[in-house]
Amino acid sequence: MKIWKLGLEIANDISDILLSFPKHERYDLSSQISRCSVSLPSNLVEGSGRSNKSFNNFIDYSLSSSFELGTQLLIANHRGYIDIDTLQKLEYKIEEWQKMTMGFQNSLNS
């Protein structure tokens with residue numbers, strides 16, 4: 001599934017970026033960002049084996065995490081942990097993932 005692959009790509013990109021974050025953020029912002037990014041593909045997979053109604057809930061969890069991730073990346077940029085170019089590349093991927101995911105969710109509800 002394309003959505004899952006892009007979610008996995010985002011999670012891996014985030015994992016690589018977090019290596020350069022300050023150690024004092026390990027249990028704060030880094031941890032939050034990591035959990036949100038992993039939630040994107042993970043909730044899709046977990047929900048895929050359930051009924052459409054339940055699957056919709058897992059898609060909602062995944063989408064919510066993507067919006068939370070976007071905010072956390074803005075905070076990371078503000079704190080100087082990621083540059084604007086990195087932020088924009090990630091924002092673009094996240095937006096694409098959100099559009100694809102919402103489209104998929106709409107097709108389930110049709």
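Helices in this talk are DSSP runs of H or I of at least four residues, and strands are runs of E of at least two. By that definition, the protein has four helices and zero strands. I should say at once that the model before you is predicted.

Let me begin with the overall fold. Read from the N terminus, the order of elements is α-α-α-α. The C-alpha trace extends over about 45 × 25 × 20 Å along its principal axes. For 110 residues, a compact globule would be expected to have a radius of gyration near 13 Å, and the 14 Å found for this protein agrees with that. Of contacts between residues at least 6 apart in sequence, 73% link residues at least 24 apart.

I turn now to the interior. Of the 110 residues, 40% count as buried. The largest nonpolar core has 24 residues, and those touching the most other members are Ile 10, Ile 14, Phe 21, Ile 33, Leu 69, Leu 73 and Trp 97. Each of the helices α1, α2, α3 (52–78) and α4 (84–109) contributes at least two residues to this core.

Which residues does Ile 14 touch, if those up to four places away in sequence are not counted? They are Ile 33, Ser 37, Leu 69, Leu 73 and Leu 90.

A second position of interest is Ser 30, which belongs to helix α2 (residues 29–48). Is Ser 30 buried or exposed? Its relative accessible area is 9%, and residues under 20% are classed as buried, so Ser 30 is buried. With neighbours within four places in sequence set aside, Ser 30 has contacts with Leu 18, Phe 21 and Glu 25. Of these partners, Phe 21 was named a moment ago among the core residues that touch the most other members.

Next, the surface. The accessible surface amounts to about 6,400 Å², and carbon and sulfur atoms account for 53% of that. Met 1, Trp 4, Leu 8 and Val 45 together make a nonpolar surface patch of about 340 Å². Leu 8, one of these four, sits in helix α1 (residues 2–18). Its relative accessibility is 33%, so Leu 8 counts as partly exposed.

Finally, the charged side chains. Side chains of opposite charge can pair when their charged atoms come close. The structure contains six salt bridges, and I shall describe some of them.

Arg 50 pairs with Glu 46, with 3.6 Å between the closest N and O atoms. Both partners are partly exposed: Arg 50 has a relative accessible area of 42%, and Glu 46 has a relative accessibility of 43%.

In helix α4, Asp 85 and Lys 89 are four residues apart, which means that about one helical turn separates them. They form a salt bridge whose closest N and O atoms are 3.2 Å apart. Asp 85, at 40% relative accessibility, is partly exposed, whereas Lys 89, at 53%, counts as exposed.

Helix α4 also holds Glu 96 and Lys 99, three residues apart, about one turn of the helix. Their salt bridge has its closest N and O atoms 3.8 Å apart. Glu 96 counts as partly exposed at 25% relative accessibility, while Lys 99 counts as exposed at 55%. In addition, Glu 9, Asp 13 and Lys 93 are joined into one network by salt bridges that share partners.

Definitions and conventions
Residues numbered from 1 in each chain as written. Predicted model: local features only at pLDDT ≥ 70, side-chain atom pairs only at ≥ 80, totals over all residues. Heavy atoms only, no water. Patch = residues over 30% accessible without salt bridge, like charges linked within 9 Å, V, L, I, M, F, W, Y side chains within 5 Å. Areas by Shrake-Rupley, 256 points an atom, 1.4 Å probe, with all protein chains shown as cover. Salt bridge = Lys/Arg side-chain N within 4 Å of Asp/Glu carboxyl O. Buried < 20%, exposed > 50% of the residue type's maximum accessible area, 1.4 Å probe, protein only. Contact = heavy atoms within 4.5 Å. Rg over C-alpha atoms; globule rule 2.2 N^0.38 Å. Core = buried A, V, L, I, M, F, W, Y, C linked by side-chain atoms within 4.5 Å.
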